[in-house]
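Thanks for sending this one over. Below are a few numbered notes to read with the model open beside you.

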Amino acid sequence: THYFVLMDVIMLSPDTLLLFLTASLLLCIAPGPDNIFVLTQSMLRGVGSGLLVTLGLCTGLLVHTSAVALGVAVIFQQSLLAFTILKLCGAAYLLYLAWGAFRAGASGLGSVKAAALDKAALYRRGIVMNITNPKVSIFFLAFLPQFTNPAQGHLTLQLLELGAIFIVCTLLVFGLVSLLAGKLGNWFNQSPKAEVVMNRVAGSVFAALAVKLALTER
């Protein structure tokens, strides 16, 4: 009995679920810092690396979902200082990645040794990239509650359910991006010159994302 009561509490209506799924998939497909990040890492390091970054990003989304459900995200919306500190940390991290990409040569990011050492780092990189962007928490704070309904039960459970669905959509879309970009990257990696060009492009993307994040306003 308690099981069915719980399911009734957190179950979204079919119309709401369809609308949220459609909106989430479109938002995941739209070009943004996260999917561009996955794209560049997949091209440089392969499909597996892109998937590791994706898992890291989705872990960050778990943090943002919990923050919204528990009301913590309101702090970043209301406190300019907290928002500024977090976004500058994120921008500094992206600049660090850009510096590393520009320094990498043809055998840098693509070497077997580097790939082996960076598996855990790639996962952490995705987490840091996501949680240091306060705009994600504020976006979730504005986006998720639109699909809740007090008549459906506890709002916190509904927000957690919506966040979980959004994360699944992210895994699907970013996984596909990783697959396609990884295949393209394998073709480029056959040429040392092309690999250097990809490193430079990745460095430029990271630098541009850093500037964009640093200039972001609430």
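**Notes on the model**

1. Let me begin with Gln158, which sits in helix α10. This is a predicted model, so please read every value below as computed from it. Is Gln158 buried or exposed? Gln158 counts as buried because its relative accessible area is 1%, and the cut-off for that label is under 20%. A useful partner to display with it is Thr148: the two are 10 residues apart in sequence, and their C-alpha atoms lie 6.3 Å from each other.

2. Two further residues of α10 are worth a click. Thr156 belongs to this helix and is partly exposed, with a relative accessible area of 24%. Its C-alpha is 9.0 Å from that of Ser66, although 90 residues separate Thr156 and Ser66 along the chain. Leu171 is also found in α10, which runs over residues 155-188. At 35% relative accessibility, Leu171 is likewise labelled partly exposed.

3. Leu171 also takes part in a surface feature. Together with Leu55 and Tyr123, Leu171 makes up a nonpolar patch on the surface. The accessible area of Leu55, Tyr123 and Leu171 together is about 240 Å². For the chain as a whole, about 11400 Å² is exposed, and 73% of that comes from carbon and sulfur atoms.

4. Now the overall picture. How many helices and strands does the chain have? There are 11 helices and zero strands, so the pattern read along the sequence is simply α-α-α-α-α-α-α-α-α-α-α. The chain has 218 residues, and 43% of them are buried. Among contacts with a separation of 6 or more, 86% are between residues 24 or more positions apart.

5. Helix α2 makes a nice example of a two-sided helix. It covers residues 14-29, 16 residues in total, and spans 23 Å from first C-alpha to last, close to the 22 Å expected at 1.5 Å a residue. Which residues of α2 are buried? They are Phe20, Ala23, Ser24 and Cys28. These four lie on the same side of α2 because they cover an arc of only 130 degrees around the axis. An α-helix has 3.6 residues a turn, so residues three or four places apart point the same way. The other side of α2 carries exposed residues: Pro14, Asp15, Leu18, Leu19, Leu26 and Ile29.

6. Helix α8 is next, with 13 residues (119-131). From its first C-alpha to its last it reaches 19 Å, close to the 18 Å expected at 1.5 Å a residue. Its buried residues are Ala121, Leu122, Arg125, Gly126, Ile127, Met129 and Asn130.

7. The loops on either side of α8 deserve a look too. Asp118 is in the loop between α7 (112-117) and α8. Its relative accessible area is 19%, so Asp118 is classed as buried, given that the cut-off is under 20%. Asp118 and Arg45 are 73 residues apart along the chain, with their C-alpha atoms separated by 9.7 Å.

8. Last, Asn133, in the loop between α8 and α9 (134-143). Asn133 counts as buried because its relative accessibility is 13%. Which residues is Asn133 in contact with, leaving aside its neighbours within four places in sequence? The answer is His64 and Leu213.

Key: Residues numbered from 1 in each chain as written. Predicted model: local features only at pLDDT ≥ 70, side-chain atom pairs only at ≥ 80, totals over all residues. Heavy atoms only, no water. Helix = DSSP H or I, 4+ residues; strand = E, 2+ residues; numbered from the N terminus. Buried < 20%, exposed > 50% of the residue type's maximum accessible area, 1.4 Å probe, protein only. Contact = heavy atoms within 4.5 Å. Areas by Shrake-Rupley, 256 points an atom, 1.4 Å probe, with all protein chains shown as cover. Patch = residues over 30% accessible without salt bridge, like charges linked within 9 Å, V, L, I, M, F, W, Y side chains within 5 Å. Salt bridge = Lys/Arg side-chain N within 4 Å of Asp/Glu carboxyl O. Expected span 1.5 Å × (residues − 1). Arc of directions from axis to C-beta.
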